[in-house]
Amino acid sequence: MLAAALLHCFSMFPGHADREGTEAYRARFPRLRDAGHFRRAGHVPGVDQLWLSSIGVGTYLGEPDEAADQDYTKAIITALRSGLNVLDTAINYRHQRSERTIGAALKQLIDRGQLQRNQILVSTKAGYLAFDENLPPDPRAYILEEYVEPGILDPSQIAGGMHAMTPAYLEDQIGRSCRNLGLATIDVFYLHNPETQLSEVSRDLFRRRLSEAFATLERQVQAGKLCYYGLATWNAFRLSPGSRDLLQLDEIAGLAEEVGGAQHHLRFVQLPFNLAMPEAYGFPNQGSERRQSLLAAASALGIAVIGSATLYQGRLTHGLPSFVRERLGLTSDADNAIQFSRSAPGLTTALVGMGHEEHVVANLRVAHAPPTPVGRWQELFQAS
Ligand SMILES: NC(=O)c1ccc[n+]([C@@H]2O[C@H](COP(=O)([O-])OP(=O)(O)OC[C@H]3O[C@@H](n4cnc5c(N)ncnc54)[C@H](OP(=O)(O)O)[C@@H]3O)[C@@H](O)[C@H]2O)c1
């Protein structure tokens, strides 16, 4: 038993993204560096030391099967070899297979001496109950056996039959993610779409749950399991004032400060940002008088913003209006859609799902183009 546990520890890569590693990684790609592809989240304590690629690899879509595992592993290896050093996943993506493919890709490159652990930023998420490799024949029985009977989750803590963020559950999920990824430390750990709980629990209970989760995550940072944590959301920061599921980032950061002090580690938020969902920049729904966009609020609070669903899950790869191409200047619709997101002022990294190597190669074309200057980019909000 002890031997197995020790073996597990030794098979995990120690370390995390740091200044030295990300600087060395950036130096390997002078053309990308000179094109402004790598950036630092200058307003975020600690994160301001890291050089992060403007395009990151997402791992959400795809079938939970062997063929997709192999395609993803190949795509991730090519991405890491070519200048993309931000990887995003979640424990429930493809029933843990996406985390495991990241683990397999990292192992290949690090074992061959082609990559070092401190050169890359890996984020994952927990919240949705995750299965193992495949949807089990009886999902309820699986959850009971895997989580309820061992005392990890009390059924009363599961919202909507599928979401939880209690301390014991988060600790359990972080352990599983570390093993899947083969990493002793996760760079960024997100609570996954926590706003889904608001359809079931009161605001007060939701706040209490967040606060307990943040206290747990601060302890996980102290234990060396995480570097930073945050919220990965779908609706929470894009809704109109008055909407049930709208969250205020200043209140969220306030909860983190209550449990972690001024030096708390809630330093990342993730939300969709693309041509069809530009609210993070264009919609002032944050702050006491609802006059600030999410990007502006995050900048003031020292929080990095990561954009997800850059291609609106593939829908923006065709049929864009001509003024978009005129303003952004790249050739294909996919290129212009990625260029839009990665050029947003204040956005650190635009995540693009890339389960196939050919898409990594295509999207690297965009990485070689300088981001669109802010003035020209802002014209898109006036154009019609
Ligand atoms: N709430 C959340 O936490 C949340 C929600 C959504 C997304 N995310 C994160 O954000 C990442 C990106 O979002 P997403 O994957 O949902 O959607 P996306 O990035 O908008 O689109 C991904 C889709 O576009 C395809 N694609 C990529 N490059 C292409 C190109 N050059 N030409 C044509 N098609 C291309 C991909 O195909 P292949 O896969 O076949 O290469 C995939 O089907 C996710 O993977 C996930 O990591 C987080």
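## Two helices that cross

How far apart are the axes of helix 5 and helix 7 where they come together, and at what angle do they cross? In this predicted model, the two axes come within 7 Å, and the crossing angle is roughly 40°. Helix 5 and helix 7 are therefore oblique to each other. As background, two packed helices are described by the angle between their axes and the distance between the axes.

Now for the residues that do the touching. Helix 5 brings E99, R100, I102 and G103 to the meeting, and helix 7 brings S177, N180 and L181. Sorted by type, the residues of this contact come out as two nonpolar, three polar and two charged.

## A closer look at helix 5

Helix 5 covers residues 97-111, which makes 15 residues. At 1.5 Å a residue it should span 21 Å, and its end C-alpha atoms are indeed 21 Å apart, so the expectation and the model agree.

Which residues of helix 5 are buried? They are R97, S98, E99, R100, T101, I102, G103, A105 and L106. The cover over these buried residues includes helix 4 (66-82), strand 4 (86-88), strand 5 (121-126) and helix 7 (167-181). So helix 7, the oblique partner from above, is one of the elements doing the covering.

The surroundings of the helix along the chain are worth a look too. Q96 sits in the loop between strand 4 and helix 5, and it has a positive phi of about 75° although it is not a glycine. Q96 counts as buried because it has 22 C-beta neighbours inside 10 Å. After helix 5 comes G113, and its phi is positive as well, near 75°.

## Another loop residue with positive phi

N193 belongs to the loop between strand 6 (186-192) and helix 8 (203-222). Its phi is near 45°, a positive value in a residue other than glycine. Is N193 buried or exposed? N193 is buried, since 20 other C-beta atoms lie within 10 Å, and the cut-off for that label is 20 or more.

## Around the ligand

How many residues surround the ligand? There are 31 of them, and the closest are G58, Y60, S308, G353 and G355. Two elements give two or more residues to this shell: strand 10 (347-353) and helix 14 (357-367). By type, the shell is made up of 12 nonpolar, 17 polar and two charged residues.

## Three buried strand residues

Let's start with G56, which is found in strand 3 (residues 55-58). G56 is buried, because 27 other C-beta atoms lie within 10 Å. Setting aside residues up to four places away in sequence, G56 touches L84, V86, L87, D88, T349 and L351. A90, which is 34 residues from G56 in sequence, is 14 Å from it in space, C-alpha to C-alpha.

S123 lies in strand 5, and with 26 other C-beta atoms within 10 Å it is buried. Beyond its neighbours within four places in sequence, S123 is in contact with D88, D187, V188 and Y190. D88 also turns up among the residues that G56 touches. What separates S123 from I186 in sequence and in space? They are 63 residues apart along the chain, and 6.5 Å apart from C-alpha to C-alpha.

V305 has its place in strand 9 (residues 304-308). With 26 C-beta neighbours inside 10 Å, V305 counts as buried. Not counting neighbours within four places in sequence, its contacts are V269, A280, L294, L295, A298, G346, L347 and T348. One of these contacts is V269, which is 36 residues from V305 in sequence and 5.2 Å from it in space, C-alpha to C-alpha.

## A partly exposed residue in helix 14

E357 lies in helix 14, one of the elements that give two or more residues to the ligand shell. Why does E357 count as partly exposed? The reason is its 17 C-beta neighbours inside 10 Å, because the buried label needs 20 or more and the exposed label 12 or fewer.

Apart from neighbours within four places in sequence, E357 is in contact with K74, A75 and T78. Q378 is 21 residues from E357 in sequence, and their C-alpha atoms are 32 Å apart in space.

How values were computed:
Residues numbered from 1 in each chain as written. Predicted model: local features only at pLDDT ≥ 70, side-chain atom pairs only at ≥ 80, totals over all residues. Helix = DSSP H or I, 4+ residues; strand = E, 2+ residues; numbered from the N terminus. Expected span 1.5 Å × (residues − 1). Contact = placed C-beta atoms within 7 Å. Near = placed C-beta within 6 Å. Nonpolar A, V, L, I, M, F, W, Y, C, P; charged D, E, K, R; others polar. Axes fitted to C-alpha atoms, helices over the stretch in contact; angles between N-to-C directions. Parallel < 35°, antiparallel > 145°, perpendicular 65-115°, else oblique.
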